[in-house]
Amino acid sequence: MLWRDVHQLWLLLAPVASLIAGYAAYGSERQRHQRMQHLYESSELLQRTPTDGATASALLAQLCRVFQAEVAEVTLLPPHGGRNALSSVMRRDHFAETDRRVDISLLDELVHFAAEEQRGVRLSTRESTMPAVLSSRHLKDAMFIALRSESRIIGTMLVGNRLGDLETFNAEDLTLFETLAGQASVAFENGRLEDRLKHQAFHDPLTNLPNRTLFSDRLAHALTRRTAAGDGGVALLFIDLDDFKMVNDELGHAAGDQLLRAVGERLVTVLRPFDTTARLGGDEFAVLVEDAGGPSAAARIAERIVESLREPFLLQGRELTMHASIGVALAGDEPVDGEELLRRADIAMYRVKQRGKGAFEIYQSSMQEVMVRRLELRTDLERAVQRGELFLRYQPIVALDDEHMVGVEALVRWQHPQRGAMPPNDFIPLAEETGLIVGLGIHVLEVACHQVRAWHLAYPHHADLGMSVNLSPRQLQDDGFVIQVARVLRETGLEPHLLTLEITESFMVDGGPPTGRLNELKALGVRLSIDDFGTGYSSLSALQHLPVDALKIAKPFVDGIALDPQKRAFAQAIVRLGRTLRLELVAEGVERPEQRDQLLELGCHMAQGYFFARPMDADGVERLLRTEVRERFAGGVAS
Ligand code: C2E
Ligand code: MG
Ligand code: MG
């Protein structure tokens with residue numbers, strides 16, 4: 001057609017135009033498609049853990065590619081309270097630097113600038129001057145945006161220096177940039193949330209130390225590594241604070257928490273940064289030392305911890321000394337798993353507690369048997385009260401002048417189904433450690449009070465017979481104890497002054513007596529007596545301030561009273577002290593007549609011991625009550 005008539009050219013216009021339009025459309029469609037592809041890739045990238053350095057540099061590379069930018073930069077502000085922001089920068093094809101720590105004060109301006117802009121901004125030196133915060137980065141043009149979570153700015157994102165044929169970033173670029181920023185924000189925030197949750201799952205919130213889960217995990221790893229490498233030396237230290245409960249009870253939970261935090265901090269400072277210090281719960285901590293190198297080195301570490309805790313803690317303006325019992329277990333040559341190692345350290349720690357606390361012990365296999373027996377006993381003891389295996393013996397307390405019975409002391413016994421009759425010294429310490437003593441003690445109190453009340457009713461001539469019941473320090477720490485005593489008195493109808501509660505002297509040594517508790521008991525009208533006096537280290541002056549009515553002179557002094565001048569002098573001093581403080585005196589463990597004579601001479605009022613009577617069952621006491629009635633009656637007739 002053209003050849004025939006050049007004027008027909010216009011006919012071509014339409015197809016060519018549509019071809020051009022079509023091509024143009026195809027071009028932008030292709031570009032859009034490419035962009036969609038980029039966007040998709042970026043989203044996918046951001047779905048993965050965004051805080052990971054590799055992902056960060058992949059994201060930066062993606063930004064450079066999508067926007068044909070020379071530079072891309074992402075900065076994340078610290079979550080809360082931290083000083084360090086994380087900055088990742090990439091210069092196209094040159095290098096990427098991820099997760100560089102930047103002090104947040106250096107970012108102030110940048111963040112301010114970002115905060116002012118609600119959306120992304122496009123900047124170019126061609127149109128205006130670069131803001132100062134960006135000009136230092138040598139940019140000719142840039143897109144910049146704040147990464148926002150729901151409540152705050154979490155970081156910033158920037159691309160700069162457009163490369164290639166296009167002059168600068170256009171409106172479409174900006175929209176895409178904003179979309180990506182939105183996705184990145186969500187991803188980073190989720191990542192942080194995940195990190196935070198992860199941290200929470202593996203750390204103790206109070207001390208921020210690793211928790212039991214993380215500790216067990218590290219322990220397991222250390223043990224497998226050790227097996228693989230073949231060099232021994234994993235040590236586990238199990239740390240239990242002594243008498244922590246008292247701090248909690250007396251100073252309150254806030255103080256207890258504060259102390260636990262302080263202990264955690266102190267542990268961390270005496271250990272090396274690569275040792276794992278964890279709080280397992282309550283007042284229990286544990287330390288994992290991976291290259292302990294044998295028992296003596298482990299012992300030195302334990303020693304260091306014991307020492308460090310000995311320094312007083314400052315708590316609510318008061319100085320407080322804390323002791324800890326530490327059990328150490330070493331992974332020796334034979335394979336051992338984490339759980340077993342923990343158990344061994346626990347056993348060794350128990351041993352320390354038994355021996356007097358505030359020290360450490362290294363686990364030995366012989367400890368195992370002792371532990372197993374104790375464990376069995378403990379289970380048995382838990383059921384002993386319900387099964388009625390506990391019963392009481394009563395030992396008469398007599399007036400020294402005429403040897404008539406003024407009262408009895410209740411002494412608990414355990415008829416163990418396999419082991420037979422067990423003396424209290426074989427199971428009371430266990431009951432104290434496990435807390436079973438609280439229930440056991442109330443049971444003893446109930447039985448004893450019912451019994452003496454029954455005697456009062458059956459033998460009116462002996463309606464003034466007293467009953468002494470032993471208490472453990474642990475029972476006095478129990479908040480419900482005073483209420484229980486009041487209840488038992490009410491239920492039995494026993495006159496309070498006929499009940500004497502015996503407290504061992506050691507109770508006064510352990511952190512001093514909670515005089516408040518003793519006063520509450522006194523307020524009920526019961527009598528208080530210090531048992532085994534002279535064997536502990538209580539200062540005699542402390543006695544003046546305690547609301548006690550009687551002292552029981554411990555058996556060792558009574559034993560020596562007739563033979564050993566020193567013991568005699570001491571017994572004499574106790575008697576004098578008792579008289580000065582107007583306390584009743586009861587001598588314990590009198591076995592021979594000359595002891596009785598000496599005690600009378602010293603001026604002691606009362607005594608107890610095999611010489612007068614052994615501990616006996618209720619029938620035995622009743623026989624005595626009946627004979628005493630007869631004797632008194634006979635005596636009355638005679639006089
Ligand atoms: P304790 O309160 O000092 O009781 C006196 C102990 O000395 C009793 O031992 C008693 O049988 C023994 N005894 C009395 N006279 C003589 C004597 O002339 N010679 C000798 N060798 N021993 C004598 P038992 O019954 O084995 O009790 C030991 C300790 O167990 C008691 O010492 C007391 O501290 C504790 N205990 C006993 N019953 C209870 C209880 O119900 N609760 C608590 N918390 N502790 C108890
Ligand atoms: Mg006693
Ligand atoms: Mg005693």
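Which protein donors hold the magnesium ion (ligand 3)? The close-ups below come from a predicted model, and they start with that ion.

**View 1. The protein donors around the magnesium ion (ligand 3).** Asp531 (OD) and Asp532 (OD) each appear here, and Glu588 (OE) is listed twice; these donors lie 2.0 to 2.5 Å from the ion. If you're scanning the sequence for the donor residues, look for the spacing D-D-x55-E.

**View 2. Aspartate 531 between two ions.** Here, aspartate 531 bridges the magnesium ion (ligand 3) and the magnesium ion (ligand 2). The two ions sit 3.9 Å apart.

**View 3. Aspartate 532 and glutamate 588, where they come from.** Aspartate 532 belongs to strand S19 (residues 527-533), while glutamate 588 is in the loop between strand S21 (584-587) and helix H21 (593-602), so the pair ties together parts that are 56 residues apart in sequence. Aspartate 532 is partly exposed, with a relative accessible area of 31%. Glutamate 588, on the other hand, counts as buried because its relative accessibility is 12%, and the cut-off for buried is under 20%.

**View 4. Proline 210 in its loop.** Now for another spot: proline 210 is found in the loop between helix H5 (171-202) and helix H6 (212-229). Loop or not, proline 210 counts as buried, at 11% relative accessibility.

**View 5. The surroundings of proline 210.** Setting aside neighbours within four places in sequence, proline 210 touches Phe202, His203, Asp204, Arg218, Thr276, Thr277, Ala278 and Arg279. Take alanine 278: it's 68 residues away from proline 210 along the chain, yet their C-alpha atoms are separated by 4.7 Å.

Methods. Residues numbered from 1 in each chain as written. Chains lettered and ligands numbered in written order. Predicted model: local features only at pLDDT ≥ 70, side-chain atom pairs only at ≥ 80, totals over all residues. Heavy atoms only, no water. Helix = DSSP H or I, 4+ residues; strand = E, 2+ residues; numbered from the N terminus. Buried < 20%, exposed > 50% of the residue type's maximum accessible area, 1.4 Å probe, protein only. Contact = heavy atoms within 4.5 Å. Donors = N, O, S within 2.8 Å, 3.2 Å for Na, K, Ca; no water.
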